[in-house]
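Visitor: I am new to this structure and should be grateful for a close look at a single part of it. Please start there and then follow its surroundings step by step.

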Amino acid sequence: MLRFRCTQLFTSPFDALFIQSLKPHTSLRCAQMGSYSTTSSSAQNSPKLVFRQLFEKESSTYTYLLADDSHPQKPALLIDPVDKTADRDLALVKELGLKLIYAINTHVHADHVTGSGLIKTKFPGVKSIISKASNAKADLFVEPGDKIYFGDIFLEVRATPGHTLGCVTYVTGDGPNQPQPRMAFTGDALLIRGCGRTDFQGGSSDKLYDSVHSQIFTLPKDTLLYPAHDYKGFTVSTVGEEMLYNPRLSKDKETFKNIMQNLNLSYPKMMDVAVPANMVCGLQVTKSEAC
């Protein structure tokens, strides 16, 4: 199991060897800015955690900012940043006096371009992270069971394929010094009263059902669920709520598979742009420039 302990980055021979083992790539460039929205949660119970939920309205994408406020350097990470709102997110990082160290994606998105590459050009110390199973470019790759530390707080990596082959869910740690209740950043695997589609990018309704039931619904029922998208104005749910009220995933597997097979969804309008860009951290660039 890998552990990314994140305060000062890559400043010693040990760091260099550590990053080598994670198959790093070179850095790259990206694009642009956007709108602003923020909320907070009951994770305020933890005096250490800085948490902001941010919204990009065109793709209805949530980006999450987390930081360890009690650590001297206030290390922070962004989950699922969007290129159009990267400048907004970085401005917030500066305002709060945080040290951004990671830009993390839950999967290769098809509905927007990730902000990871742009963020790396503006904050050169930031490292991009994505799952190894995604086969995308990044500085660091994660696998199930890995832990991503930012200060003394960490995210546990859980594989939740089904929407895409490389989907992962990031879950805050279980322990007395970790935020309580726990928080799960589910990407498109589990949405509030819904789930991501399973008809492209290696999707599988069978795998998605198993992923959610084995990796998310086994968390404590008060675990806060934060998806990558919402289209109805919801911001947060819990494991207990979705087990009871999710109109798809509260059903048995065969019923769920039948629902997913009959959604008749249109082709994603951004897919032909977003997927190739997101395979290289958010930009169409030459192989030598990919992150």
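Guide: Aspartate 80 lies in the loop between strand 5 and helix 2; helices (H or I, at least four residues) and strands (E, at least two) are DSSP runs, numbered from the N terminus. This is a predicted model, in which local features need pLDDT of at least 70 and side-chain atom pairs count only at pLDDT 80 or more, while totals for chains, interfaces and linings use all residues. Residues are numbered from 1 along each chain as its sequence is written, and side-chain values use heavy atoms, with hydrogens and water left out.

Although aspartate 80 is not a glycine, its phi is positive, at about 55 degrees. Its relative accessible area is 1%, so aspartate 80 is buried (under 20% relative accessible area; exposed is over 50% and partly exposed is in between, with a 1.4 Å probe and protein chains only).

The loop leads to helix 2, residues 86-95, whose buried residues are Ala86, Arg88, Asp89, Leu90, Leu92 and Val93. The cover over these residues includes strand 3, strand 4 (61-68), strand 5 (75-79), strand 6 (99-104) and helix 3 (116-122), judged by contact, meaning heavy atoms within 4.5 Å. Just after helix 2, glycine 97 has a positive phi of about 70 degrees.

Strand 3, named in that cover, leads to the aromatic residues. The structure holds 10 aromatic pairs; rings of Phe, Tyr and Trp (its six-membered ring) pair if their centres lie within 6.5 Å, and planes under 30 degrees apart count as stacked, over 60 as edge-to-face and the rest as tilted. In one of these pairs, the ring centres of phenylalanine 51 and tyrosine 226 are 4.9 Å apart and the planes stand at 55 degrees, so the pair is tilted. Because phenylalanine 51 belongs to strand 3 (residues 49-56) and tyrosine 226 to strand 13 (residues 224-227), the pair ties together parts 175 residues apart in sequence. Phenylalanine 51 is buried at 6% relative accessible area, and tyrosine 226 is buried at 1%.

Tyrosine 226 also pairs with phenylalanine 185: the centres are 5.5 Å apart and the planes at 20 degrees, so this pair is stacked. It links distant parts of the chain, since phenylalanine 185 is in strand 12 (residues 183-187) and tyrosine 226 in strand 13, 41 residues apart. Phenylalanine 185 is likewise buried, at 1% relative accessibility. Phe51, Phe185 and Tyr226 join Phe55, Tyr62 and Tyr64 in one aromatic cluster.
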